[in-house]
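Q: Please take a close look at one part of this predicted model, starting from a single side-chain contact and working outward to its surroundings. I would like a connected account rather than a list.

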Amino acid sequence: FRVMDKSAWRNRVWALVLLGVGMATASPAQTLTTLVNFNGTNGDTPRFGNLVQGTDGNFYGTTFYGGANNGGTVFKATPGGALTTLYSFSPTHAETLFKIWIPGPESSLVQASDGNLYGVTKQNGAINNGTIFRISPAGVFTTMYEFGVDNENTNGDSPNGGMIIGADGNLWGTTQDGGVGGTDPAGTVFRMTLGGTLTRVQSFDLFGTTGYLPSAGLLLASDGSFYGTLGYQIFRMTPGGLLTILYTFNTLGRDPTTYAPLIQGTDGNLYGTTNGDGTGTVFKITTAGAFTLLHSFPLANVSTTDGQYPDHAGLVQAPDGNLYGTTSLGGTNNLGTIFKITPGGAFTLLHSFAADDGQWPLGGMILGKDGNLYGTT
């Protein structure tokens with residue numbers, strides 16, 4: 001990695017890296033290692049998704065821009081940092097001013113039992129309402145489903161969060177818009193078989209009692225139910241579609257918004273982040289809905305030391321029992337941070353990004369098979 005001169009910075013605002021954070025317990029210090037630098041040709045701007053480590057040990061992810069058509073990419077990276085571009089997207093509606101800014105994928109991939117990786121694009125497709133795609137580890141790409149083509153968005157529109165594998169082996173995900181019923185349908189939960197048959201399981205309504213605008217993927221918890229986040233709410237849903245709102249954030253004042261997926265800790269509780277209520281929070285909630293605020297990031301005009309705005313980044317729990325996450329701003333250089341927090345709320349800042357090692361991490365981290373944490377900026 002090198003520090004760009006001023007003329008180079010005018011051409012590229014982002015310093016993009018794939019990073020690994022050592023989790024050695026012998027010392028409280030953490031070691032950050034840059035593994036890959038994105039340069040546009042091999043991808044540009046990994047967005048809100050986490051990496052996924054495949055059964056082959058390699059890491060797979062997406063970029064929002066870059067690649068052969070500047071429409072985003074799917075990539076593979078070895079633990080040693082050798083990157084291969086598996087697929088370059090072509091924005092289908094790049095001729096319009098609005099669509100050109102939404103070219104490629106911005107969420108996580110998931111590997112299914114057939115060995116293939118599955119993901120979504122928020123836009124693209126025949127009518128630019130989003131797609132579900134499959135890609136093999138060798139790069140064979142297939143569009144599995146195009147939202148809105150044959151159902152007028154009743155199955156959803158604009159999937160923004162990554163999908164997960166349900167107990168039934170099917171893919172489960174959310175869309176930010178579309179659906180049926182109510183006065184203003186505002187998102188769905190869907191199920192799709194690996195063969196491409198999609199079923200709408202739940203619809204949300206902007207003015208109803210179900211909540212609205214799911215921006216993140218789902219969590220399949222140990223009780224067999226799915227848990228997810230809406231604009232200002234946390235919900236539980238059975239595989240049959242029975243939905244319960246567990247918690248509603250205070251929407252007055254500083255407006256916490258939940259963009260990130262939940263995780264389930266080893267204690268059975270759910271943990272997550274918000275991107276508001278100041279500059280963000282970390283919280284814990286039981287599956288029965290008992291809510292605990294663990295940490296509030298400081299207001300922008302007060303301090304940036306802890307970091308600010310977890311954005312779409314969820315948490316990951318390491319073998320030491322602690323939770324780890326990222327913020328997209330704040331820290332020593334106001335370029336984002338990596339932090340640790342205990343299930344009881346004790347917070348530790350681990351790393352402040354400084355441009356030459358990356359900046360503005362928008363997604364979360366994952367725990368690699370080697371015990372290190374991996375993420376993107």
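A: The side chains of Thr327 and Thr337 are joined by a polar contact of 2.6 Å, in what is a predicted model. A polar atom of the Thr327 side chain also lies 3.5 Å from the backbone nitrogen of Gln308. Thr327 belongs to strand 24, which covers residues 323-327, and it counts as buried because its relative accessibility is 0%. Once residues up to four places away in sequence are set aside, Thr327 touches Phe297, Gly307, Gln308, Tyr309, Pro310, Gly336, Thr337, Phe339 and Pro361, so that both of its polar partners, Gln308 and Thr337, reappear among these neighbours. Asp306 lies 21 residues from Thr327 along the chain, and the C-alpha atoms of the two are separated by 8.7 Å.

A second buried position can be described in a similar way. Gly187 is found in strand 13, and it counts as buried because its relative accessibility is 0%. Not counting residues up to four places away in sequence, Gly187 is in touch with Thr175, Gln176, Asp177, Gly178, Gln202, Ser203, Phe204 and Pro214. Leu213 is 26 residues away from Gly187 in sequence, while their C-alpha atoms are 5.4 Å apart in space.

Strand 13 also leads to the nonpolar interior. The largest nonpolar core has 14 residues, and those with the most contacts inside it are Tyr118, Ile132, Met163, Leu171, Met192 and Leu198. At least two residues of this core come from each of strand 8 (117-121), strand 10 (141-146) and strand 13 (185-192). With neighbours within four places in sequence left aside, Met192 is in contact with Ile132, Met144, Tyr145, Asn170, Leu171, Thr197 and Leu198. A second, separate core has 11 residues, including Ile164, Trp172, Leu218 and Phe235.

Ile164 returns when the open space of the model is considered. The largest pocket holds about 770 Å³ of space, and of the 35 residues that line it, Asn50, Ser108, Ile164, Pro261 and Ile366 are the closest to its centre. Two or more lining residues are given by each of strand 3 (52-53), strand 11 (164-165), strand 15 (219-220), strand 23 (316-317) and strand 27 (366-367). The pocket lining divides into 21 nonpolar residues, 13 polar residues and one charged residue.

Enclosed space is a separate matter. The structure holds one cavity of 30 Å³ or more, and about 40 Å³ of space lies in the largest cavity. Its lining is formed by Pro46, Arg47, Gly49, Asn50, Leu51, Gly61, Thr62 and Thr376, which divide into two nonpolar, five polar and one charged. Asn50 therefore appears both in this cavity lining and among the residues closest to the centre of the largest pocket, where lining residues are those with an atom within 4 Å of a point of the space concerned.

These local views sit within a protein whose secondary structure comes to one helix and 28 strands. Buried residues make up 56% of its 377 residues, and Thr327 and Gly187 are two that count as buried. Of the contacts in the protein with a separation of 6 or more, 44% are between residues 24 or more positions apart.

Methods: Residues are numbered from 1 along each chain as its sequence is written. This is a predicted model: local features need pLDDT of at least 70, side-chain atom pairs count only at pLDDT 80 or more; totals for chains, interfaces and linings use all residues. Side-chain values use heavy atoms; hydrogens and water are left out. A nonpolar core is a set of buried Ala, Val, Leu, Ile, Met, Phe, Trp, Tyr and Cys residues joined through side-chain atoms within 4.5 Å. Buried means under 20% relative accessible area, exposed over 50%, partly exposed in between (1.4 Å probe, protein chains only). Helices (H or I, at least four residues) and strands (E, at least two) are DSSP runs, numbered from the N terminus. Contact means heavy atoms within 4.5 Å. On a 1 Å grid over the protein atoms alone, a cavity is a set of points where a 1.4 Å probe fits but cannot get out, and a pocket is an open set with protein on both sides within 12 Å along at least five of seven lines; lining residues have an atom within 4 Å of a point. Grid points are joined across faces, edges and corners, and a volume is the space filled by probe spheres set on the points. Ala, Val, Leu, Ile, Met, Phe, Trp, Tyr, Cys and Pro count as nonpolar, Asp, Glu, Lys and Arg as charged, and the others, Gly among them, as polar. A polar contact is a pair of N or O atoms within 3.5 Å; within protein, one must be able to donate a hydrogen and the other to accept it, and residues adjacent in sequence count only if both atoms are side-chain atoms.
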